[in-house]
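Subject: Structure handover

Hi,

Here is the structure I promised to pass on. Have a look at it first, and then read my notes underneath.

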Amino acid sequence: MAIRPPAPSASIALETDSSGKLHAPSAARNANDLCAAIASIAPTAGQALELASGTGQHIITFAAAMPTLQWQPSELDPTRLTSITAYTADSGLTNIAAPIRLNATQSGWSQTLDPKDLITLANLLHLISTPEAETLITEAAKTLAPNGTLALYGPFKRNGCLTSEGDKTFDANLRQHDPETGYKNDQWVISTAAHAGLTHATTIEMPANNLALIFQNS
Ligand SMILES: C[S@@+](CC[C@H](N)C(=O)[O-])C[C@H]1O[C@@H](n2cnc3c(N)ncnc32)[C@H](O)[C@@H]1O
């Protein structure tokens, strides 16, 4: 699958410091709410993988709040991989592995990893095409250990509808930038995950009209 040029939203206001740490204001804003949602469904111990970790701001929050999980960050973009390494070093946390370069939309990545008890993804599905999203979900399902949990967070259509003016504008901007991208429908995600063998456990309503879709492996 092609590596897409960053969508407008993916590179907004990313500031960097001398250690290579990038700062995404949106990640700082939603880290605690996202962390609380994930902590509410996470296994008590085991291996956790974050796809598309971005700056690294989320994973240091998750790893501090869920210290009995071993966290594996991953990213496609080299600058963000550097940032994740810098945040991890700065955090002093010992339950975060060195980040790995992982293209989550490329078939076969599940075969390169050990089974995971938890996989999280924030804010990527709307930036990729439908076939890429299907590959990502299918590969995540293959990577989950028995009883593993998948958490997909971000903006979604609900029953095929965009439910706020902000979502209508954002989705239109994404599709104008790249017609293959845009919000995925929550019901499509649920049926795609079901096709990959995952059961929809719950949907958590999140601030800013986002959702966390939670799935369970059998
Ligand atoms: C909007 S940012 C979200 C970052 C972070 N998860 C967050 O919520 O703050 C999207 C991220 O996905 C990464 N990305 C884009 N395409 C990817 C792919 N095919 N595989 C893995 N990561 C990808 C980008 O480099 C970027 O860091």
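Below is what I found in it, going from the sheet to the helix beside it, then the core, the ligand and two loop residues.

One thing before you start: this is a predicted model.

**The sheet**

The place to begin is an open sheet of 7 strands with mixed pairing, in the order E5-E4-E3-E6-E7-E11-E10. Its edges are strand E5 (100–101) and strand E10 (198–205), each of which pairs on one side only.

Start with strand E3 (residues 46–51). On one side, E3 runs parallel to strand E4 (residues 69–75), and 5 bridges join the two. If you want a spot to click on, Leu49 sits opposite Gln72 in E4. E3 is also parallel to E6, with 4 bridges between them. Here Leu51 has Leu121 of E6 as its bridge partner. Moving along, E6 pairs with strand E7 (residues 144–154), again in the parallel sense, over 6 bridges. In that pair, Lys116 stands opposite Leu144 in E7.

How much of E3 and E6 is buried? For E3 the count is 5 of 6 residues, so the strand is mostly covered. In E6, 7 of the 7 residues are buried, so the rest of the structure largely encloses this strand.

**The helix on the sheet**

Helix H2 (residues 57–65) packs on the sheet and touches E3, E4 and strand E6 (116–122). The direction of H2 makes about 175 degrees with that of E4. Because 7 of its 9 residues are buried, H2 is largely enclosed by the rest of the structure. The buried ones are Gln57, His58, Ile59, Ile60, Thr61, Phe62 and Ala63. What do they pack against? Their partners are helix H1 (25–41), E3, E4, helix H3 (78–91) and E6.

**The core**

In soluble globular proteins, nonpolar side chains tend to be buried together. In this model, the largest nonpolar core has 51 residues. Those with the most contacts inside the core are Leu51, Ile119, Leu121, Leu124, Leu150 and Leu152. Leu51 is a good one to display: leaving aside residues up to four places away in sequence, Leu51 touches Ser74, Leu102, Ala104, Ile119, Leu121 and Leu124.

**The ligand**

There are 20 residues around the ligand, and those that come nearest are Ala52, Gly54, Asp77, Ala122 and Asn123. By type, the shell divides into 10 nonpolar, 7 polar and 3 charged residues.

**Two loop residues to look at**

Ala52, listed among the nearest to the ligand, is found in the loop between E3 and H2. Its phi is near 50 degrees, which is a positive value in a residue other than glycine. Asn159 also has a phi near 50 degrees, again positive and again not in a glycine. Asn159 lies in the loop between strand E8 (156–157) and helix H5 (165–177).

Which of the two is buried and which is exposed? Ala52 has 25 other C-beta atoms within 10 Å, and 20 or more make a residue buried, so Ala52 counts as buried. Asn159 has 8 C-beta neighbours inside 10 Å, and 12 or fewer make a residue exposed, so Asn159 counts as exposed.

That's the tour. Over to you, and happy browsing!

Conventions:
Residues are numbered from 1 along each chain as its sequence is written. This is a predicted model: local features need pLDDT of at least 70, side-chain atom pairs count only at pLDDT 80 or more; totals for chains, interfaces and linings use all residues. A residue is near a molecule or strand if its C-beta atom, placed from the backbone, lies within 6 Å of it. Ala, Val, Leu, Ile, Met, Phe, Trp, Tyr, Cys and Pro count as nonpolar, Asp, Glu, Lys and Arg as charged, and the others, Gly among them, as polar. Two strands pair if DSSP finds at least two bridges between them. Two residues are in contact if their C-beta atoms, placed from the backbone, lie within 7 Å. Axes are lines fitted to C-alpha atoms, for helices over the stretch in contact, and angles run from 0 to 180 degrees between N-to-C directions. A nonpolar core is a set of buried Ala, Val, Leu, Ile, Met, Phe, Trp, Tyr and Cys residues joined through C-beta atoms within 7 Å.
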